[in-house]
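Let's work through some exercises on how two protein chains meet. Keep the structure open beside you and try each task before reading its solution.

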2 protein chains.
Amino acid sequence: MPSQTSQPAFVLVRPQMGENIGAAARAMWNFGLDRMRIVAPRDGWPSPKAVAMASGAGRLLDEARLSPDVPDALADCSFVFATTARQRGLTKPVFSPEAAMKLAAEKIAAGEKVAVMFGPERAGLENEDVAKANAIISVPVNPAYGSLNLGQCVLLTAYEWQRQVGKIEHEVVEMGKADWATGVEIEKLSDHYEGRLDEAGFFFPPAKAPNMKVNLRNLWSRMALTNADVQMLHGIMRQMVRWKQRGDE
Amino acid sequence: MPSQTSQPAFVLVRPQMGENIGAAARAMWNFGLDRMRIVAPRDGWPSPKAVAMASGAGRLLDEARLSPDVPDALADCSFVFATTARQRGLTKPVFSPEAAMKLAAEKIAAGEKVAVMFGPERAGLENEDVAKANAIISVPVNPAYGSLNLGQCVLLTAYEWQRQVGKIEHEVVEMGKADWATGVEIEKLSDHYEGRLDEAGFFFPPAKAPNMKVNLRNLWSRMALTNADVQMLHGIMRQMVRWKQRGDE
């Protein structure tokens, strides 16, 4: 059984080697985290290599939630961090691991569901994955040499979580109890706009369309949208389509 | 050449596997540390396995100071930390990595030479080694599961050193250099949407219209929109209107 303590979910996106999944489990459990989610592991699941490497933290693998894609993995989350090594020119707030886990702790204390995405070993998260995040975590490594692997990135983030919750349990965290939209709701909103705008010929010229779509998804995920906001944005698009369908008036 | 910045020496005491020495070098150099000392490595020195694992941080191995025993490795140090996993009932101050690296930074700034000892993979430092230290560093791991390996312990300590001396430590690292929209641009965006949605019959029933308009204006102003976002949102609305004007297709 996962522990009862509220905590962020750590989402391994398309991890390649089972050993690294096992190492990530160990890194998490060293700091009391046991909610792992795994998106489309390259070598299939379950993974004997992951189990071998996880020694003592195998429970995390047994209980890990397997998802076919990122939207499925983030469906119930209202705030998502993406860990990236490089600057990507995306207009999302960039946090140190410390600041990120502080914010995560505050949000979790206020009842939000928080996830942290970690990319595959070689290339890290795709821009498309990062577009689904609300904010970025960047570990301030030596600019002349950034060479953190997956397990190390998980370790430092888990360590910072532990540092933050060790500290803040004495503080009273109060946040406006907004009814924040979850990942699946943002995803549906993105799909709705993308689909209709595709019909309307918005993504033009075709060569630029993929990039425009990523930018639009970034826009929705970066905004702190409430459920009411999402409903209004759906309503706007539905009404524009109805208006079109009625024809000239 | 080692960097000129003052920094603690990391002393690997009787490390067993070359791979772990290489991993320690990478962990150190990720956070700008390049003074490694090695005491009596089990499998001899130099170590091809260490070199293979150190990719990009091999210089640390070339420049590492090899010592036959702990006293030789610590000969020029005025303050020594020992990293240990377990409580040992030794009457020495115990520091978190954070507090230890803060103290190390203060001592180094005052001209002292500081070293941090890391024990062999399996058993950690002997009591005899710990006896040569002035203080202990203990990573606050999950009491139910302490399973940090050598490379991870080096990584967390190096990370804390970087946090203590780095410029980008306690707060949000950087808000991606965004070109934020001004109030007047948000106002124009609000007007554009309100006008077109009025035509489209979105604000219905009339009794609720004023409130709906306020909510929509609130939505735009509450979001942290960049100029690019505002342009995209204008573009979306313009395109929906064009689509309507083209009529059924």
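**Exercise 1. Find how many residues each chain gives to the contact, and how much area is buried.**

Step 1. Contact means heavy atoms within 4.5 Å. Chain B brings 68 residues to it and chain A brings 66 residues.

Step 2. Buried area is the accessible area (1.4 Å probe) that two parts lose on being put together, summed over both. For chain B and chain A this comes to about 5,700 Å², with 62% of it on carbon and sulfur atoms.

Step 3. In chain B, the residues losing the most area to chain A are Y145(B), W243(B) and K244(B), together 14% of what that side buries.

A note on the model: it is predicted, so local features need pLDDT of at least 70 and side-chain atom pairs pLDDT 80 or more, while totals for chains, interfaces and linings use all residues. Residues are numbered from 1 along each chain as its sequence is written, chains are lettered from A in the order written, and side-chain values use heavy atoms, without hydrogens and water.

**Exercise 2. Count the salt bridges between chain B and chain A.**

Step 1. Look for a side-chain nitrogen of Lys or Arg within 4 Å of a carboxyl oxygen of Asp or Glu.

Step 2. The count is 4 salt bridges. One pairs E98(B) with R163(A), whose closest N and O atoms are 2.8 Å apart.

**Exercise 3. Decide: is Y193(A) buried or exposed?**

Step 1. Buried means under 20% relative accessible area, exposed over 50%, partly exposed in between (1.4 Å probe, protein chains only).

Step 2. Y193(A) has 2% relative accessibility, so this residue is buried.

Step 3. Leaving aside neighbours within four places in sequence, the contacts of Y193(A) include W220(A) and, from the other chain, I236(B).
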